[in-house]
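Okay, thanks for making time, everyone. I'd like to walk you through one structure today, so let me put it up on the screen.

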Amino acid sequence: MKVVAVLLTIFPLILCQNFDKANVGVTFGPYTKTIQKENGLIPAFNSYSREELTRMLAVVSTKFKHITTNDVGIASFNITIPVSYADSTALIPQAAAFLNRERNANVIDVAIGVFQNENENIQNSEVNLAIDVAQDANGRFPNTVWGLIFTNDYVKDGRTAEKVLDLISNNKDRARLYNLKVGTRVSTCDQILDIESELYEILSEIAQEIDFIMCNVYPNSSVVQDGSQQAVDAVGNFILSVKNVFRNINEKIDVMIGETGWPSEGLSLNGSPNSIKNFQAYWTGMNEWAKRNSIRTYMFEAFDEPYRSVTTSDAHYGWWYRQSNDDEVYVEKTTNVHVRG
């Protein structure tokens with residue numbers, strides 16, 4: 001991390017974009033390498049080592065403390081493979097623990113995602129591995145992992161919501177035994193505002209079982225053309241509304257923003273005018289809103305993920321992007337400052 005220190009010295013004014021580390025975090029996926037031009041293949045999802053992930057998280061820690069993951073990567077093709085060879089997402093908690101131990105402080109904390117799978121054996125293996133890697137990380141440095149997120153945006157209808165409720169009910173006691181909070185991340189928080197909605201009852205049941213709920217919410221097409229501040233206000237007002245309802249159901253539940261963001265380029269489904277300027281303005285506005293309201297907000301995302309469609313906005317939500325596959329230099333989009341992991 002000597003390069004980081006040098007860059008901070010050389011560019012003290014350029015690096016003035018600070019985030020409230022108490023309330024603002026980022027979602028984190030390690031998939032920063034571009035498609036290999038000679039063969040058109042996406043770099044394997046298990047091709048990022050624990051050491052490389054630790055260096056990535058060192059970059060993240062210059063701006064953020066809190067991260068979430070989507071999964072631990074269990075699938076039918078790797079269910080019997082050792083963790084270190086299965087999927088690099090399973091190594092993120094350990095990487096965070098190594099960084100914390102290096103710094104002798106909790107500079108990164110993690111909420112681990114548990115991905116959904118219709119295959120019961122794969123689903124159970126995903127849950128078991130998530131708990132195992134959480135224990136491993138916290139054994140290396142206490143409180144590196146604080147929670148488990150039971151599924152990523154799977155509460156779509158009554159059937160999937162029931163499955164999430166069962167996952168939580170069947171595993172919450174074991175998770176809490178290891179001092180892990182339990183929650184879920186959904187894009188259907190709006191249904192808690194309407195007692196007649198399809199998911200109101202099941203969301204209410206889920207809310208009574210969990211410690212936290214993460215609402216995924218992006219500014220919709222009706223506000224993005226009016227500017228970043230209007231988009232921030234719309235997202236923020238929505239979260240405050242659902243927070244009040246969830247707190248009436250469970251007074252102890254912690255309501256967070258699980259994902260929100262604004263891409264720096266590409267075509268978006270919501271029609272947002274994408275540019276570095278608008279990207280930065282939205283992140284800055286959400287930072288100010290989260291700090292003012294003391295609501296944990298996870299921005300999507302830490303790094304661009306080039307395996308996503310680069311012709312749309314999907315690959316361009318990150319605060320940093322990787323300069324090339326041949327090195328570990330990450331570029332902050334808003335300042336063009338290069339930081340070596």
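Here's a warm-up while you look: in strand 11, which residue is the bridge partner of Val-329? It's Arg-340. Before I go on, keep in mind that this is a predicted model.

Let me stay with that part of the chain. Val-329 pairs with Arg-340 of strand 11, and strand 10, residues 329-332, runs antiparallel to strand 11, with three bridges between them. Zoom out and you get an open sheet of three strands, ordered 9-10-11, with antiparallel pairing. The edges are strand 9, at 320-322, and strand 11, at 338-340, each of which pairs on one side only. From one strand to the next, the twist averages 35°. Then there's a helix lying on this sheet: helix 2, residues 50-60, touches strand 9, strand 10 and strand 11. The direction of helix 2 makes about 150° with that of strand 9.

Now, the barrel. How many strands close into it, and in what order? Eight, in the order 1-2-3-4-5-6-7-8, and the pairing is parallel. The twist here averages 25° from one strand to the next. Packed on the barrel sheet we find helix 5, residues 120-140, which touches strand 3 at 109-114 and strand 4 at 145-152. Helix 5 makes about 170° with the direction of strand 3. For a closer look at the pairing, take strand 7, residues 254-260, which runs parallel to strand 8 and is joined to it by two bridges. Thr-260, for instance, has Met-299 in strand 8 as its bridge partner.

Just past there, something to check in your viewer. The peptide bond from Phe-300 to Glu-301 is cis, with omega near 10°. Glu-301 sits in the loop between strand 8, at 297-299, and strand 9.

Phe-300 also shows up in the lining of the second largest pocket, along with residues including Tyr-218, Gly-261, Asn-270, Arg-308 and Asp-314. That pocket holds about 280 Å³ of space, and its lining splits into four nonpolar, four polar and two charged residues.

What about the largest pocket: what is its volume? About 470 Å³. It has 25 lining residues, and those nearest its centre are Asn-70, Asp-71, Asn-152, Tyr-307 and Arg-308. By class, the lining has eight nonpolar, ten polar and seven charged residues. And yes, you've heard Arg-308 twice: it's in the lining of the largest pocket and in that of the second largest.

Last stop, a helix pair. Helix 6, residues 158-177, packs against helix 7, residues 200-209, at an angle of about 5°, and the axes are 10 Å apart. Angles under 35 degrees count as roughly parallel, so helix 6 is roughly parallel to helix 7. On the helix 6 side the contact includes Ala-161, Val-164, Leu-165, Ile-168 and Lys-172, while helix 7 brings Ile-202, Glu-205, Ile-206 and Glu-209. By class, that contact has six nonpolar, one polar and five charged residues.

One more backbone detail while we're around helix 6. Where does Asn-179 sit? In the loop between helix 6 and strand 5, which is 181-186. The phi of Asn-179 is near 60°, so to speak a positive value in a residue other than glycine.

Okay, that's my tour. Happy to take questions.

Methods:
Residues numbered from 1 in each chain as written. Predicted model: local features only at pLDDT ≥ 70, side-chain atom pairs only at ≥ 80, totals over all residues. Heavy atoms only, no water. Pairing = 2+ DSSP bridges. Helix = DSSP H or I, 4+ residues; strand = E, 2+ residues; numbered from the N terminus. Axes fitted to C-alpha atoms, helices over the stretch in contact; angles between N-to-C directions. Contact = heavy atoms within 4.5 Å. 1 Å grid on protein atoms, 1.4 Å probe; cavity = no way out; pocket = protein on both sides within 12 Å on 5 of 7 lines; lining within 4 Å. Points joined across faces, edges and corners; volume = space filled by probe spheres on them. Nonpolar A, V, L, I, M, F, W, Y, C, P; charged D, E, K, R; others polar. Parallel < 35°, antiparallel > 145°, perpendicular 65-115°, else oblique.
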